[in-house]
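Work through the exercises below with the sequence and the coordinates open. Each task is followed by a solution in steps.

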Amino acid sequence: MGCLVSTPKDTLGNRRRPANIGEVSVYVPGLRIPKPVDFSQSLGDHLSKSLVERLSALRTRIVVMAAQEGPTITRTKRRAATQHGGSTLADLQQALEDYLPVLLGLMKDGSQLQHKVQFLWVNQEDDAEETAMSNAWYEVLSILHLMAMLALSQANLLLLPRTSADGYQPKVTEESRRASIDIFLKAAGYLDCAVRHVLPQLPTELKTNLPVDLAEGVLRALCLQALGQGVDIQLGMAIDSTKATLAVKRRLACEMVKYWQQAQDNLMNLPLLNGWGEKHRLFVKWKYVEAKAAAYYYHGLILDEGNTEKFHGMAVAALQAADEYFKESRKACDAFNAAPPLSRNPPLWGTMKYLSEKIPKDTSSKVRINRDLYSHEKIMETAPTLPDFALALKPDEFQLPPVDPSWNMEHMNKGSNQL
C-alpha cells in the first residue's frame with residue numbers, strides 16, 4: 001500500500017528558513033519542496049521511455065523552480081511583487097498544473113503503478129524534516145497543497161499596500177482587492193478538493209503518518225482562513241461603499257468570526273510546534289480575535305439603533321467587548337510577528353484601518369453617554385451573543401483534471417502485465 005519514510009528534524013539541512021519574512025497580509029506557512037525522483041528506475045520496466053521521460057521532465061521542472069524560489073517567495077518584498085515574485089508564482093503554478101494530469105495516469109483504473117514510485121518532500125510545519133511515501137496520491141496531495149500555498153502567496157503580494165501615483169499614503173487598489181478574493185476562493189478550492197477527493201484515497205496507515213503540513217485539520221484550517229480573509233476583503237469594500245448598510249457589514253463580520261473560529265478549532269489538537277507551525281497557530285488566533293472585534297462593533301451599532309434603555313445597554317456592552325477584543329488583537333498581532341520567522345505588519349488599510357480609528361472613539365462616546373447603565377467589570381459577561389449567519393463564501397469547485405491523453409496511447413510491456 002506504499003511505504004513511509006520520515007527524516008528526523010534538521011538531519012539534512014534541507015529546510016532553509018528565512019529569519020524574517022517581511023510584511024504579511026496573508027500568512028503562508030512555508031512552501032513544501034519536492035526532492036528529485038528517479039522515474040526510470042521505478043517505472044522503466046513498466047512504461048514507455050517517452051512517458052517516463054515526460055514525467056521526469058515535468059517533475060524536475062517543479063523541483064528546480066521550487067528549490068530556487070520556494071525559500072524566497074515567503075519573504076518577497078513589495079518591490080519584487082510586480083517585477084519578479086508574481087511571474088515566479090505564475091510559472092511554478094503552471095508547472096504544477098502541467099504535471100498533474102500526467103501524474104494522475106499512475107492511478108488510472110486502479111493501476112498498481114501508483115505504489116511504484118517513492119515521492120519525497122521537504123516539510124515546513126512538521127517536526128520531521130522530510131516525508132517520503134510510495135503512493136502517488138501522496139504526491140497529488142502535496143501538489144494541491146503547494147498550488148494552494150502559491151495562491152495564498154500571490155494574494156499576499158496583492159494585499160501589500162503600495163504607494164499610489166499621487167504620492168499619498170500606501171494603499172491597496174480595489175482591483176487588487178477584487179483579484180485577491182478570486183485567488184482566495186481558488187486556494188480554498190484546491191484545499192477542499194484535497195480534503196474531499198484526495199485524502200480518502202490514502203490508506204489509513206499513510207493518512208495517520210502524513211506530515212502535519214498535510215493533516216486534514218491543517219488543510220481544512222487553511223481552506224477556512226482563505227475564506228475568512230476573502231470575507232475580510234469583502235467587509236473592507238463594504239466599509240468603503242456608501243450603499244452597504246450596517247446590517248450587511250455586521251453579517252460579513254459575523255461570518256468572518258465563524259470562518260476563523262472553525263479554522264482555530266481545526267488546528268486545536270495538532271502538533272504545530274516548530275517555527276512555521278507555531279506561527280500559523282498564532283496567525284489564526286490573531287485573526288479570530290480581530291474578527292470578533294469587528295463583529296461586536298457592528299452588532300453594537302445596530303443595537304444602539306433601538307429605542308429602549310435595554311438596547312442601549314446591550315449596545316454599550318457590545319462596543320466595550322469590541323474594544324477589549326481590539327486591544328487583545330493588537331497583543332495577538334505582536335505575538336505573531338515576534339514568533340520566528342519574524343514578520344511585520346504592512347501599513348494599516350482596509351477593515352482594520354477603519355476599525356482601529358472607530359472602535360476606541362465610538363466605544364468611548366457610547367460609554368460616556370450610557371455610563372450609568374453598565375459597570376466595566378461586567379463588560380465581557382454581559383456582551384450580547386453575536387447573531388448566527390450561514391456562511392455565504394464557498395471554495396471554488398476545483399476538480400482533478402482528466403488523465404493526460406498520452407496515457408491512452410501507452411502500451412505497457414510485459415513487466416506491467418506481471419503487476
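**Exercise 1. Loop residue Ser134**

Task: Decide whether Ser134 is buried or exposed, and place it in the chain.

Solution. Step 1: Ser134 has a relative accessibility of 7%, so it counts as buried (buried is under 20% relative accessible area, exposed over 50%, partly exposed in between, with a 1.4 Å probe and protein chains only). Step 2: Ser134 sits in the loop that runs between β5 (130-133) and α4 (136-158); helices (H or I, at least four residues) and strands (E, at least two) are DSSP runs numbered from the N terminus. Step 3: the C-alpha atoms of Ser134 and His115 are 5.2 Å apart, with their positions 19 residues apart along the chain.

The model is a predicted one: local features need pLDDT of at least 70 and side-chain atom pairs count only at pLDDT 80 or more, while totals for chains, interfaces and linings use all residues. Residues are numbered from 1 along each chain as its sequence is written, and side-chain values use heavy atoms, with hydrogens and water left out.

**Exercise 2. The chain as a whole**

Task: State how many helices and strands the chain has, and what share of its residues is buried.

Solution. Step 1: the secondary structure consists of 13 helices and six strands. Step 2: the chain has 419 residues, and 55% of them count as buried. Step 3: among contacts with a separation of 6 or more, 82% are between residues 24 or more positions apart; a contact means heavy atoms within 4.5 Å. Step 4: the accessible surface is about 18600 Å², and carbon and sulfur atoms contribute 50% of that (Shrake-Rupley method, 1.4 Å probe; for residues, only the protein chains shown count as cover).

**Exercise 3. The pair α7 and α9**

Task: Describe how helix α7 (residues 216-240) and helix α9 (residues 275-303) cross, and which residues meet.

Solution. Step 1: the axes come within 11 Å and cross at roughly 35°; axes are lines fitted to C-alpha atoms over the stretch in contact, and angles run from 0 to 180 degrees between N-to-C directions. Step 2: the crossing of α7 and α9 is left-handed, a term for a near helix turned anticlockwise from the far one by less than a right angle. Step 3: on the α7 side the meeting residues are Val218, Leu222, Gln225, Gln229, Leu235 and Ile239, and on the α9 side His280, Phe283, Val284, Lys287, Ala294 and Tyr298. Step 4: sorted by class, this contact holds eight nonpolar, three polar and one charged residues (Ala, Val, Leu, Ile, Met, Phe, Trp, Tyr, Cys and Pro are nonpolar; Asp, Glu, Lys and Arg are charged; the others, Gly among them, are polar).

Step 5: α7 has 25 residues and spans 37 Å from first to last C-alpha, close to the expected 36 Å; the expected span is 1.5 Å times one less than the number of residues. For α9, with 29 residues, the span is 42 Å, close to the 42 Å expected. Step 6: α7 is largely enclosed by the rest of the structure, because 21 of its 25 residues are buried. In α9, 26 of the 29 residues are buried, so α9 is largely enclosed too.

**Exercise 4. Gln225**

Task: Find which residues Gln225 touches, leaving out those up to four places away in sequence.

Solution. Step 1: Gln225 belongs to helix α7. Step 2: its relative accessible area is 1%, so Gln225 is buried. Step 3: Gln225 touches Tyr27, Trp260, Ala263, His280, Phe283 and Val284.

**Exercise 5. Backbone geometry in two loops**

Task: Say which residues are joined by a cis peptide bond, and give the phi of Asp109.

Solution. Step 1: the cis bond joins Pro340 and Pro341, with omega about -10°. Step 2: Pro341 lies in the loop between α10 (309-338) and β6 (342-344). Step 3: Asp109 is not a glycine, yet its phi is positive, about 55°. Step 4: Asp109 is in the loop between α3 (78-103) and β4 (119-122), and at 75% relative accessibility it counts as exposed.

**Exercise 6. Val37**

Task: Determine where Val37 lies and what it touches.

Solution. Step 1: Val37 is in the loop between β3 and α1 (39-43). Step 2: its relative accessibility is 19%, so Val37 counts as buried. Step 3: Val37 and Phe119 are 82 residues apart in sequence, with 6.6 Å from C-alpha to C-alpha. Step 4: not counting residues up to four places away in sequence, Val37 touches Arg59, Val117, Gln118, Phe119 and Leu120.
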